Amino acid sequence: MKKKILLAGASGALGLEVLKLLHDREEEVRALVHSADGVEKVGAYTQDIWRADASEGTEKIKDITKDISIVISTLGKSVSLFTNRGKSFVENDFYANSNVLDDAVKNGVERFIYVSIKGADKALEYEVAKSHKMFEDALQASGLNYTIIRPVGFFSGLNDLAIMAKRKVIPIVGDGHARTNSIHQKDLAKVVVDHLYEGPEIREVGGPLVHTRMEMAKMIEKKIGGKVIQVPEKVAEWGMFLPEMVDDDVSAKLKYFKFVTTNDMIGEKHGEITFEEYLNSLDLEKDLP
Ligand SMILES: NC(=O)c1ccc[n+]([C@@H]2O[C@H](COP(=O)([O-])OP(=O)(O)OC[C@H]3O[C@@H](n4cnc5c(N)ncnc54)[C@H](OP(=O)(O)O)[C@@H]3O)[C@@H](O)[C@H]2O)c1
């Protein structure tokens, strides 16, 4: 018999791709989203939709895991500089997921798959990494069977650079030599669904090709325009720490952006879609504001 799944974060860049795959497999899915916009996005794939701010306590989502066997959480705060829904990384990535986890433990859920972030265990001075790691620790202590997937950046996460390119500048922090194998959210969704019933406790996942940050910026420049500008690491840090220049939310995102773009971020190779193919698939008018 098929097991019922709760997909938290179902309307996000990754969550929606996971939802589509589960729908294709005719799995029974309950979706948790935050916004009215989120409800609209998931409506074509499930009628069992809960809309709540899961960071506001367990009451708001009481029994969301009743009759659920497996939870997949792609719920988290967007790392995009162009999106801010108000709450902090700790509130969304840690508290919201912890409230779902509490409910899952109470209702006897069998398995929990959590999408964290590459670097969660290494960069605890950054709020983005710390919030994911705090939830990883809670999940590991919960007694549930689990898999934590720590992906490198998604192609959709690089849209920020593409948006900036449209506005004529592609900033690269440091020398641009750091390497990464970013992954398309569709390819990552396949990895998530492959772990539905079993998998290792932790898996660090990347895409099919490794590029330097400079190579990726040049690909964006070629496809979209703008000009690659190298920002020395020290200058980038000053901008991030000056409160009059950026608010706490943007500062947390910029700090993590600097960390991931100046350190190698490479996960196990998965998927097929290349960054160049992704850029070619973008509709510059519709997909980038
Ligand atoms: N983007 C990247 O490059 C990247 C790389 C590695 C790891 N990750 C991690 O992967 C996860 C998914 O990323 P993504 O880019 O798909 O995120 P996203 O597009 O911002 O989607 C986040 C999802 O979580 C929901 N959500 C957020 N806060 C909530 C709350 N308090 N209560 C209920 N639902 C809430 C959103 O609902 P609404 O749509 O209704 O607002 C949305 O469905 C995140 O944890 C992120 O840190 C991302």
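## A tour of two cavities, a helix and two cores

Start by selecting F155, T180, N181, S182, P208, L209, H211, M216, I273, T274 and F275, the residues that line the second largest cavity. You are looking at a predicted model. The space enclosed here is about 40 Å³. Color the selection by class and you will find six nonpolar residues, five polar ones and no charged ones.

How many cavities of 30 Å³ or more are there? The count comes to two. Rolling a probe the size of a water molecule over the atoms shows where empty space is left.

For the next stop, keep M216 on screen, since M216 also belongs to the lining of the largest cavity. Add L158, L161, P171, I172, R213, I220, F257 and T261 to complete that lining. The largest cavity has a volume of about 60 Å³. Strand 7 (169-173), helix 7 and helix 9 (248-262) are the elements that each give two or more residues to its lining. Which of them contributes the largest share? Helix 7 does, with three residues. By class, the lining of the largest cavity holds seven nonpolar residues, one polar and one charged.

Now select helix 7 itself, residues 213-224. Its twelve residues, at 1.5 Å each, should span 16 Å, and the end C-alpha atoms are indeed 16 Å apart, so the expected and modelled spans agree. Show the side chains of R213, M214, M216, A217, M219, I220 and I224: these are the buried residues of the helix. Step just past the end of helix 7 and you reach G225, whose phi is positive, near 110°.

Next, move to the largest nonpolar core, which has 38 residues. Good places to click are L7, V18, L22, I72 and Y256, the residues with the most contacts inside this core. To see where the core comes from, display strand 1 (5-8), helix 1 (13-24), strand 2 (29-33), strand 4 (70-73), strand 5 (111-115), helix 4 (127-141), helix 6 (185-194) and helix 9, each of which supplies at least two of its residues.

Zoom in on L7. What is L7 in contact with, leaving aside its neighbours within four places in sequence? The partners are G15, V18, L19, L22, V29, R30, A31, L32, I72 and T74.

For the last stop, select V100, Y114, L144 and I148. These are among the 24 residues of another core, which lies apart from the largest one.

Terms used. Residues numbered from 1 in each chain as written. Predicted model: local features only at pLDDT ≥ 70, side-chain atom pairs only at ≥ 80, totals over all residues. Heavy atoms only, no water. Helix = DSSP H or I, 4+ residues; strand = E, 2+ residues; numbered from the N terminus. Expected span 1.5 Å × (residues − 1). Buried < 20%, exposed > 50% of the residue type's maximum accessible area, 1.4 Å probe, protein only. 1 Å grid on protein atoms, 1.4 Å probe; cavity = no way out; pocket = protein on both sides within 12 Å on 5 of 7 lines; lining within 4 Å. Points joined across faces, edges and corners; volume = space filled by probe spheres on them. Nonpolar A, V, L, I, M, F, W, Y, C, P; charged D, E, K, R; others polar. Core = buried A, V, L, I, M, F, W, Y, C linked by side-chain atoms within 4.5 Å. Contact = heavy atoms within 4.5 Å.
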